[in-house]
Amino acid sequence: MKRAVYPGSFDPVTKGHLDIIERAAALVDELIVGVLNNNAKIPLFSVEERVNMLNKATGHIPNVRVEAFSGLSVDFVRRCGAGFIVRGLRAVTDFEYELQMAQTNRSIDCGIDTLFFTTALEYAYISSTIVKEVASYGGDISGFVPEAVKDQIYCRISETQREKCK
Ligand code: PNS
């Protein structure tokens, strides 16, 4: 069985992520989307919420499974019994970091390769950070995120803003 893992923060999932998930899932038997539970960062959404949002967004793709993980991506990939890491490249600015990460991962485990997908042009400028920024000013994010998660993002942003006003 050809299995790959797409690790990331997905805080929140964007249409760019979803495009990579759809294209990668078409090439493998099973694609596991690994949601990093990173104690060093304070995300807008908890890891459970991010898993839940990804499940909503990928419900139409039968060979996609979403799981939380902590620690090294390569360890998670091994636990999943997968041979590949999937990552998206939006622009040349992503390349340096992605190359460093892929080389580090391969030096930890030479049996795990990274497959890069170039992000679809229409989503190349989208990031989770940009989505949060636009939503925080009440801008329209419907072009940036899957419809199934849009309202949850606006709700969380307004909750956070209300908290700050207290
Ligand atoms: O969506 P992101 O934040 O760009 O994803 C980055 C991610 C989660 C893939 C990366 O930070 C990662 O793999 N973190 C787990 C720790 C790890 O394996 N580090 C070694 C790679 S340099």
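This report walks through the ligand site, the pocket that holds it, and a loop with unusual backbone geometry.

The model is predicted, with local features needing pLDDT of at least 70 and side-chain atom pairs counting only at pLDDT 80 or more, while totals for chains, interfaces and linings use all residues. Residues are numbered from 1 along each chain as its sequence is written, and side-chain values use heavy atoms, with hydrogens and water left out.

Let's start with the ligand. Its surroundings are made up of Pro7, Gly8, Ser9, Leu36, Gly71, Leu72, Ser73, Arg87, Tyr97, Met101 and Asn105, where a residue is near a molecule if one of its heavy atoms lies within 4 Å of it. By class, this shell has five nonpolar residues, five polar and one charged. Here Ala, Val, Leu, Ile, Met, Phe, Trp, Tyr, Cys and Pro count as nonpolar, Asp, Glu, Lys and Arg as charged, and the others, Gly among them, as polar. Strand S1 (3-8) and helix H4 (92-108) each bring at least two residues to the shell, and H4 gives the most, with three. Helices (H or I, at least four residues) and strands (E, at least two) are DSSP runs, numbered from the N terminus.

Three side chains place a polar atom by a ligand oxygen, as polar contacts (pairs of N or O atoms within 3.5 Å):

| Side chain | Distance to a ligand oxygen |
|---|---|
| Ser9 | 2.6 Å |
| Ser73 | 2.6 Å |
| Arg87 | 2.9 Å |

On its own the ligand has 540 Å² of accessible area, and the protein covers 74% of that; such areas come from the Shrake-Rupley method with a 1.4 Å probe.

Where does the ligand sit? It is in the largest pocket, given that more than half of its atoms must lie within 2 Å of the pocket's grid points. A pocket is an open set of points on a 1 Å grid over the protein atoms alone, where a 1.4 Å probe fits, with protein on both sides within 12 Å along at least five of seven lines; lining residues have an atom within 4 Å of a point. This pocket holds about 1100 Å³ of space, a volume filled by probe spheres set on the points. Its lining counts 41 residues, and Gly8, Ser9, Arg87, Tyr97 and Glu98 lie nearest the centre. H4 gives the most to this lining, with nine residues.

Finally, look at the loop between S1 and H1, home to Phe10 and Pro12. Phe10 has a positive phi, near 50°, and the peptide bond from Asp11 to Pro12 is cis, with omega near 5°. Most residues other than glycine have a negative phi, and most peptide bonds are trans.

Methods:
A polar contact is a pair of N or O atoms within 3.5 Å; within protein, one must be able to donate a hydrogen and the other to accept it, and residues adjacent in sequence count only if both atoms are side-chain atoms.
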